[in-house]
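Dear colleague,

I am passing on the structure we spoke about, with the sequence alongside. Please have both open while you read the notes below.

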Amino acid sequence: LTHYKQQIPHLFWFNAFLVASNGTDSRVGSLTADWERFFEWKRIEREDEPRRVSLEVMLRGTCLPQRLLDLVENFTLFSEHKAGLVKIIGQNHQFLGVNNAIASMLEARKLGHGRGGVFWQTQGSGKSFSMVFFAQKALRKLSGNWTFVVVTDCVELDERIAKTFETTGADSDAEGDACHTASGVHLCELLRVNHRYVFTRVHKFQTPELFGDHSDVIVLTDEAHRSQYDTLALNMRAALPRAMFLAFTGTPLIAREERTREVFGDDVSIYDFQQSIEDVATVPLFYKNRTPELQLVNPDLNDDIYRLIEDAELDTEQEARLEEVLGRQSHLITRDDRLEAVARDIVRHFLGRGFVGKAMAVSIDKPTALRMHDKVQAHWAAETARVPKESGELPYHAHGGETTPEQARRDAHRAKLKARCEVLTTTDMAVIVSPGQNEIARMQELGLELAPHRRRMNESQPGLDEKFKDTDDPLRLFFVCTMWRTGFDAPS
């Protein structure tokens, strides 16, 4: 494939996608995909049908005329990346899921309600691309003067989804910037003008004011289970009373989130974590508990506390306040001695896990993320100083004849120390935390320096998320607070 692309590129002018098969295993991919990006096609018509890896299923699923034309027209994207133009083909779960969502939306319009359904496809399986596929197919195939309102609940998610629409050409850079809401008033203006896409956060719906009464509005809400029930969401529905609402989520709905289905309708697509792993759409997740335990020195602590509370004769409000304070455990898990133990373990584990790779240390709050970075840096520096010293202390004997088992062990240990030293001296680290008001001064009050980290977050070229996803980049250890949205394509 690489040779053909170099020598006879016109062979690919009319290429829709590529199928590779040996009769037993079969995969499909685009002409810009490396082998890891070729994927299996295990279902033909429905998500609930038995999943089979076979050439017949692949050909029927992708090459029957109606499906082939659907894939070419509605499930093919060209996305601009730093490495160049990338051709993206909708995967099996995206193809079936988006078509289910289109059918559900048509049924909802026929029945006269706005519940388009819940589109649940697990984290990392290309949900943002599924949004683009859905919007583009609706524009091409369904009659109507459509406006898509993409609603998220945080700045990072809002920016990332808007960027996906821009890089794939669904929305131009200028249009994308113009249609990013700055306020509730701006949102109202955008919805009253004929824009194809509007990107906003649910927080912009501060009042139940009517923004638009036409029915050609489709609201795509991401991570819908988190923020779509309270006042802001009610305001959004009052603002767009005739809109169609489709919920996207990467998290399985648990019992207390059943209201998502009441608000948005039934599931239109289910692609869970286990399916995603089996399809190699995401990598498996392994868990190993390495937490330094908190020790309770006084076994009678609870009885002592209850006795003290009774003796204090607190009123109801004071009891509630006390319960709230005692319920907070953050001051325990962020104790300095515990953070030292965790930092020491991070260095030991990262250097001893058998491969270099990347890592994230996720902390409970911003100060702890900064402290963890500083503590890991200190332990890292100590190890960087120790390893060359240990290597130099190993006696070396020139090989004259046959190597003894003892010399072989020394040579292997020296090679191991050399590789460790290479990782220690080349690895870079970074802090990733969301911006906040007066954050520099607040951190300084705690004896922490945030300014250089913020400068790097803002000025890094390429961005820190791109460096994280670049396997060859030496920026390997990241200290984040709560979560960091890097986007789907993070093979490292």
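I will begin with a single residue, N438, which counts as exposed because its relative accessibility is 56%, where the cut-off for exposed is over 50%. Please keep in mind throughout that this is a predicted model. N438 is found in the loop between β12 and α19 (439-445), and its phi is near 55 degrees, a positive value in a residue other than glycine.

The strand on one side of that loop has a contrasting environment. Of the 5 residues of β12 (residues 428-432), 4 are buried, so this strand is largely enclosed by the rest of the structure. Strand β12 is joined to strand β13 (residues 475-481) by 5 bridges, and the two run parallel; within this pair, M429 stands opposite L477 in β13.

Another loop has a backbone feature that you may wish to look at in the viewer. Q461 and P462 are joined by a cis peptide bond, with omega at about -5 degrees, and P462 is found in the loop between α20 (451-459) and α21 (464-469).

As for the chain in general, the secondary structure comes to 21 helices and 13 strands, and 42% of the 492 residues count as buried. The accessible surface of the protein chain comes to about 27300 Å², and 53% of that belongs to carbon and sulfur atoms. If one takes the contacts between residues at least 6 apart in sequence, 70% of them join residues at least 24 apart.

Next comes the open sheet, which is formed by 6 strands in the order β7-β6-β8-β9-β5-β10, with parallel pairing. The strands at the edges are β7 (197-201) and β10 (267-271), and each has a single partner strand, so one side of each is left without a neighbour in the sheet. From one strand to the next, the twist averages 15 degrees.

Is the edge strand β7 then largely enclosed or largely open? With 4 of its 5 residues buried, β7 is largely enclosed by the rest of the structure, although one side of β7 is left without a neighbour in the sheet. Its pairing with strand β6 (residues 147-152) is in the parallel sense and extends over 5 bridges, and T152 stands opposite R201 in β7.

Elsewhere in the sheet, strand β5 (residues 115-121) and strand β9 (residues 244-249) also pair in the parallel sense over 5 bridges, and the bridge partner of W120 in β9 is T249. Helix α4 (residues 92-111) lies across β5, β8 (217-222), β9 and β10, and runs at about 165 degrees to β5.

Finally, there is a helix pair to look at. Helix α3 (residues 65-74) and helix α5 (residues 127-141) pack at an angle of about 105 degrees, with their axes 10 Å apart, which makes α3 roughly perpendicular to α5. The contact brings D70, E73 and N74 in α3 together with F133, K137, R140 and K141 in α5, and by class it has 1 nonpolar, 1 polar and 5 charged residues.

With best wishes

Terms used:
Residues numbered from 1 in each chain as written. Predicted model: local features only at pLDDT ≥ 70, side-chain atom pairs only at ≥ 80, totals over all residues. Heavy atoms only, no water. Buried < 20%, exposed > 50% of the residue type's maximum accessible area, 1.4 Å probe, protein only. Contact = heavy atoms within 4.5 Å. Areas by Shrake-Rupley, 256 points an atom, 1.4 Å probe, with all protein chains shown as cover. Axes fitted to C-alpha atoms, helices over the stretch in contact; angles between N-to-C directions. Parallel < 35°, antiparallel > 145°, perpendicular 65-115°, else oblique. Nonpolar A, V, L, I, M, F, W, Y, C, P; charged D, E, K, R; others polar. Pairing = 2+ DSSP bridges.
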